[in-house]
Amino acid sequence: MEGVSVRKIKKICVFCGANSGKDVAFVNAAFHLGEVLGKRKIDLVYGGGKLGLMGCVSTAIAQHERQVLGIIPSAFTVNNLVGETCGKEIKVATMQERLVMMMELSDAFIALPGGFGTLEELFQMISWAQLNIHNKPIGVLNINGFFNGLLSFVDHAVKQEFITPRARKILISATTADELVDKLQAFRFESDPALSKLKWSPSSSQKEKLDLTLRL
């Protein structure tokens with residue numbers, strides 16, 4: 001990365017499936033991502049528990065003695081639904097509160113293969129970046145072409161002029177963990193001139209919490 005200004009990333013939030021998926025490559029890649037983050041001395045923020053790919057990433061990074069923080073809705077902790085979090089755990093009341101806290105405590109975001117929940121988290125972070133609520137890098141680890149269809153759809157939306165070329169740059173992709181982290185570190189946010197004028201004031205009722213009720 002010679003000649004490229006590198007963003008300092010201390011904590012990465014990983015969104016991924018609570019299932020392991022059909023292909024063992026997903027599990028291997030999740031463990032490898034945890035190893036890469038651990039070796040780079042990057043801590044983990046994730047959704048808590050030990051199920052599926054979430055458990056793989058958290059276990060791998062904890063083995064490298066990095067901090068692991070699971071942010072989990074209290075409803076998921078009833079009857080040990082998702083298993084024990086590998087590291088520190090913060091319980092929140094709602095899914096929205098969980099995502100806001102993830103955004104506030106992380107320096108970047110990575111999505112591994114997952115289902116609707118993973119996709120919701122990924123696109124929520126992208127839309128918040130587009131709205132200038134944050135300027136943190138967001139990427140998908142495209143294991144065995146898992147995200148090919150999604151990336152093609154996003155490019156199609158650009159062609160149809162529903163997503164601007166500038167906004168398209170928000171979503172980064174790579175096929176290996178090292179390449180993706182390198183891209184996240186090199187990312188330079190380019191805000192839309194019109195949306196950059198939006199002012200997001202702290203809610204008086206939540207003190208320092210951002211008012212993130214607006215969705216695209």
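What percentage of the 216 residues of the protein count as buried? The figure is 45%. The model shown here is predicted.

**View 1. The whole chain, with its helices and strands.** The secondary structure comes to 7 helices and 7 strands. Read from the N terminus, the order of elements is β-α-β-α-β-β-α-β-α-β-α-α-β-α. Take the contacts between residues at least 6 apart in sequence: 72% of them join residues at least 24 apart. The protein exposes about 11,400 Å². Carbon and sulfur atoms supply 54% of that area.

**View 2. Helix 1 and what covers it.** Helix 1 spans residues 24–39 and has 16 residues. From first C-alpha to last it reaches 23 Å, close to the 22 Å expected at 1.5 Å a residue. Its buried residues are A25, F26, V27, A29, A30, L33, G34, V36, L37 and G38. The cover over these buried residues includes strand 1, helix 2 (52–62), strand 5 and helix 7 (177–186). At the start of helix 1, a side-chain oxygen of D23 comes to within 2.9 Å of the backbone nitrogen of A25. Just after the helix, K41 takes a positive phi of about 60°.

**View 3. N144, in contact with D23 and A25.** N144 sits in the loop between strand 6 (138–141) and helix 5 (148–159). Is N144 buried or exposed? N144 counts as exposed because its relative accessibility is 58%, and the cut-off for exposed is over 50%. Neighbours within four places in sequence aside, N144 is in contact with D23 and A25. N144 and A25 are 119 residues apart along the chain, yet their C-alpha atoms are separated by 7.6 Å. A25 also appears in View 2, where its backbone nitrogen is reached by the D23 side chain at the start of helix 1.

**View 4. Aromatic pairs.** The structure holds 3 aromatic pairs. One of them joins F15 and F109. Their rings are stacked, at 6.0 Å centre to centre with 10° between the planes. The pair links distant parts of the chain: F15 belongs to strand 1 (residues 11–15) and F109 to strand 5 (residues 108–111), 94 residues apart. F15 is buried, with a relative accessible area of 2%. F109 is buried too, at 0%. The rings of F146 and F147 form an edge-to-face pair, because their planes stand at 85° with centres 4.9 Å apart. The two residues are classed as follows. F146 is partly exposed, with a relative accessible area of 35%. F147 counts as buried, at 1% relative accessibility. Ring pairs link F26, F146 and F147 into a cluster. F26 is among the buried residues of helix 1.

**View 5. H134 and its polar contacts.** H134 lies in the loop between helix 4 (116–130) and strand 6. H134 is buried, with a relative accessible area of 6%. Which backbone atoms pair with the side chain of H134? The H134 side chain reaches the backbone oxygen of M125 at 2.9 Å. A polar atom of the same side chain lies 3.0 Å from the backbone nitrogen of K136. Leaving out neighbours within four places in sequence, H134 is in contact with M103, F109, M125, W128, A129 and F189. F109 in this list is the stacking partner of F15 in View 4.

**View 6. Helix 5, its buried side and its exposed face.** Helix 5 has 12 residues. The distance from its first C-alpha to its last is 16 Å, close to the 16 Å expected at 1.5 Å a residue. Buried in this helix are L150, L151, V154, A157 and V158. These residues are on the same side of helix 5 because they cover an arc of only 115° around the axis. The face turned away from this buried side carries the exposed residues G149, F153 and K159. What do the buried residues of helix 5 pack against? Their partners are helix 4, strand 6, helix 6 (165–168) and strand 7 (171–174). Just after helix 5, E161 takes a positive phi of about 65°.

Notes
Residues numbered from 1 in each chain as written. Predicted model: local features only at pLDDT ≥ 70, side-chain atom pairs only at ≥ 80, totals over all residues. Heavy atoms only, no water. Helix = DSSP H or I, 4+ residues; strand = E, 2+ residues; numbered from the N terminus. Buried < 20%, exposed > 50% of the residue type's maximum accessible area, 1.4 Å probe, protein only. Contact = heavy atoms within 4.5 Å. Phe/Tyr/Trp six-rings, centres within 6.5 Å; stacked < 30°, edge-to-face > 60°. Polar contact = N/O pair within 3.5 Å; in protein donor to acceptor, adjacent residues only side chain to side chain. Expected span 1.5 Å × (residues − 1). Arc of directions from axis to C-beta. Areas by Shrake-Rupley, 256 points an atom, 1.4 Å probe, with all protein chains shown as cover.
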